[in-house]
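Trainee: I am new to this structure and should like to understand the terms used to describe it. May I ask for the reasoning behind each of them?

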Amino acid sequence: MQKLIITAAVVGGELTRKETPYLPITPQEIANEVYLAWQAGASIAHIHARQQDGSPTQDRTIYAEIIREIQERCDIIIQVSSGGSTWMSAEERLDPVTLSPEMATLTSGTVNFGRDVFMNSPEMLDTFAKKMQTYGVAPEFEIFEVGMVENALSLAKRGLVTGHLHFDFVLGVPGAMPATAKNLLHMIDLLPQDATWTVAGIGRFELPMATLGITLGGHVRVGFEDNIYYRRGQLAKSNAELVERVVRLAGELQREIASPTEARQILGLPRSRS
Ligand code: ZN
């Protein structure tokens, strides 16, 4: 099996300090959280940005500050969100992609998201893919429902995404696909043989899905964006705590952890060739 790539989704676009006082908000706080997660074993940082009052923003200047702060601290792969929050316009969501980060998420279809609708029309998918191509950004397909796999493959078939294909199965969002082993296995079956995948289980499903990711040869995403608890009724005090647990599990299951450099090779990111 490949070495395990751990993504730390440290902030998200929905969570507030009411849910957890440990949520990082300023660029410095976000970069520190990423740094600790990197020290714990994460090789990709999935980031969102916040305004000073904590509200989510896709403002590229704030993303630029976060990225600068992270790069001063470590060599983790930076993956910006192009999802933002469900009410944002496509143009707004794409703003951080224009900074040419190594990776960005590309949500591959429309889905109910709690009480909201997360809109990603066919036209938007094309626009997002083209924008990422223009700025040399590798997409990670965010898959909330099974039909989204086909949508992503269609982008590749039509040349709007080229190179290595990497998927993130986000399972257990209320309104979307439940986090079950059967659902995960079915989606893995739909991927081309050389594609790679990560699994992110939401809330209490984070840990069982991470364990499946490790044992099935996939990769794992954890972090406050997906889950704020270490165990039932006990908040995780940092994203690093959640990463450390995955590292311990992987150790017991004899799966080695990928460094950022090794993750770049596995994912075929351009920087691995320079
Ligand atoms: Zn996100």
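Trainee: How do the residues of the lining of the second largest pocket divide into nonpolar, polar and charged?

Mentor: This is a predicted model. In the lining of the second largest pocket, twelve residues are nonpolar, seven are polar and one is charged. The lining comprises 20 residues, and Val137, Ala138, Pro139, Thr162 and Gly163 lie nearest the centre of the pocket. The space in this pocket amounts to about 320 Å³.

Trainee: Which element gives the largest share of the lining of the second largest pocket?

Mentor: That element is α4, with three residues. Both α4 (122-134) and β9 (138-143) supply at least two residues of this lining.

Trainee: What makes β9 a mostly covered strand?

Mentor: Six of its six residues are buried, and the term buried requires a relative accessible area under 20%. On one side of β9 the buried residues are Ala138, Glu140 and Glu142, and on the other they are Pro139, Phe141 and Ile143. Both faces are therefore covered. As a rule, side chains in a regular strand alternate between the two faces of the sheet.

Trainee: How do you know that β9 is paired with β6?

Mentor: Pairing requires at least two bridges, and β6 and β9 are joined by five, so the two strands count as paired. They run parallel. One of the bridges has Ala104 with Pro139 of β9 as its partner. With strand β10 (residues 166-171), β9 has three bridges, also in the parallel sense. There, Ile143 has Phe169 of β10 as its bridge partner.

Trainee: Why is the site of the zinc ion called irregular?

Mentor: The angles among its four donor atoms run from 54 to 127 degrees. A tetrahedral site would need all angles between 85 and 135 degrees. The value of 54 degrees falls outside that range, so the tetrahedral label does not apply. For a square planar site, opposite donors would have to be over 155 degrees apart, and no angle here exceeds 127 degrees, so the site is irregular.

Trainee: What makes His46, His48 and Glu225 the donor residues of the zinc ion?

Mentor: A donor atom must lie within 2.8 Å of this metal. The NE2 atoms of His46 and His48 and two OE atoms of Glu225 lie 2.1 to 2.6 Å from the zinc ion, so they meet that limit. The spacing of the donor residues in sequence is H-x1-H-x176-E. His46, in strand β2 (residues 44-47), and Glu225, in the loop between β12 (219-222) and β13 (229-231), are 179 residues apart, and the pair links distant parts of the chain.

Trainee: Why is His46 called buried, and why is Glu225 called partly exposed?

Mentor: His46 has a relative accessible area of 2%, which is under 20%, so His46 is buried. Glu225 has 27%, which lies between 20% and 50%, so Glu225 is partly exposed.

Trainee: Which residues lie nearest the centre of the largest pocket?

Mentor: They are Glu14, Phe113, Val173, Ile202 and Glu225, from a lining of 31 residues. β6 (103-107) and β8 (116-118) are the elements that give two or more residues to this lining. The lining divides into eleven nonpolar, 13 polar and seven charged residues. About 620 Å³ of space lies in this pocket.

Methods
Residues numbered from 1 in each chain as written. Predicted model: local features only at pLDDT ≥ 70, side-chain atom pairs only at ≥ 80, totals over all residues. Heavy atoms only, no water. Donors = N, O, S within 2.8 Å, 3.2 Å for Na, K, Ca; no water. Tetrahedral: all angles 85-135°; square planar, octahedral: opposite > 155°, others 65-115°. Helix = DSSP H or I, 4+ residues; strand = E, 2+ residues; numbered from the N terminus. Buried < 20%, exposed > 50% of the residue type's maximum accessible area, 1.4 Å probe, protein only. 1 Å grid on protein atoms, 1.4 Å probe; cavity = no way out; pocket = protein on both sides within 12 Å on 5 of 7 lines; lining within 4 Å. Points joined across faces, edges and corners; volume = space filled by probe spheres on them. Nonpolar A, V, L, I, M, F, W, Y, C, P; charged D, E, K, R; others polar.
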